[in-house]
Amino acid sequence: MSKSGIKVFAPASVANVAVGFDILGFALEKPGDEIIIRDGREPGLVITEITGAGGKLPYNIQKNTAGYAAYRLLEHIGETKRPLEMEIHKKMPFGSGLGSSAASAAGGVFAVSEFLRTGLSKYDLLKFAVEGEQIADGDFHADNVGPSLLGGMILIRDNKTLDIKKLHIPHGIYVAVIYPHLEILTRESRGILKTEVKFNDVILQQGNLAAFVAAMYTSDYGLISRSLQDVLVEPQRAHLIPHFFEMKEAAMSAGALGFSISGAGPSMFALCDNSIKAEAVIEKAIKLYADKKLTINTYLSKINHEGAIRY
Ligand code: HSE
């Protein structure tokens, strides 16, 4: 990296969190993406290097989630002709349900903002990051980008206006993430969802979401556990993930507070009230998927409160 450049890290995230489809997500400590920004030679923003993407990501700014998010910011501040170079180093898998495109978008916009010392807050940048992620996803929702940029667990009252709230996280919460090596494209995973749901299921889900938020503020682990139940989306997507219900049973028997699909899948997450239980979930996952001869990655993490950082 040249002396004039800066490097940022934007973390992976778990969206939906069982009870908040498109409106709830939290950041992980790892994995995540690295973005480097430095002065360029030609007018405008150029992507000069992409690693870790297996040639799958476009260098065209208008088609790249990190590039487009940064470009929307540059438009906003009237600097689209500023010579800038961007490097994108993907350190996490695509189509994994861990907010890979969101991490790139959050990192891209944050890196440019830091480099140019725009003075804009992370919240000010959120809109541009969501617009960047929308290129990959098709829809405008901040349940991955919000946590990746701002850190913590983000509740979105309204995606259109980005009316968001960072929630309180009780002491001791750990997350076990299990990523089976298959790719599920978010667009496709969204495409299978029914557009109409049963009224009674909406009532149940509302109760679970409201109780989950209340439980987070009161550190009521019993209520967190009773609330973490997705009656709307998990039943429609679980079949996409090999051995999902077996893994869920294993996680709950290892003491997890709750277990569900991370974002659009295939990753799964278990929320636990301490690291020992999260480790136990990971041990069970390693054994279960080894028996099935399927390759997985696992991540043990606290909830990351910082989101995108310069480092
Ligand atoms: N809420 C989104 C979904 C997350 O589950 O489709 C992935 O973008």
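Domain bounds in these views come from an automatic or database domain assignment. The model is predicted: local features need pLDDT of at least 70, side-chain atom pairs count only at pLDDT 80 or more, and totals for chains, interfaces and linings use all residues. Residues are numbered from 1 along each chain as its sequence is written, and side-chain values use heavy atoms, with hydrogens and water left out.

**View 1. Two domains of the chain.** The assignment gives domain 1 (5-167 + 306-310) and domain 2 (174-302). Their C-alpha centres lie 24 Å apart. In domain 1, 37 residues are in contact (heavy atoms within 4.5 Å) with 37 residues of domain 2.

**View 2. The shell around the ligand.** The ligand has 13 residues around it; a residue is near if one of its heavy atoms lies within 4 Å. Asn16, Asp22, Asp143, Arg190 and Arg237 come nearest. Domain 1 and domain 2 each supply at least three residues of the shell. By class, the shell has three nonpolar, five polar and five charged residues. Asp, Glu, Lys and Arg count as charged; Ala, Val, Leu, Ile, Met, Phe, Trp, Tyr, Cys and Pro count as nonpolar; the others, Gly among them, count as polar.

**View 3. Polar side-chain atoms at the ligand.** Pairs of N or O atoms within 3.5 Å count as polar contacts. In the side chain of Asp143, an N or O atom is 2.6 Å from a nitrogen atom of the ligand. Arg190 places a polar side-chain atom 2.6 Å from a ligand oxygen atom. For Asp137, the distance from a polar side-chain atom to an oxygen atom of the ligand is 2.9 Å. The protein covers 98% of the 260 Å² of accessible area (Shrake-Rupley method, 1.4 Å probe) that the ligand has on its own.

Notes: Polar contact = N/O pair within 3.5 Å; in protein donor to acceptor, adjacent residues only side chain to side chain.
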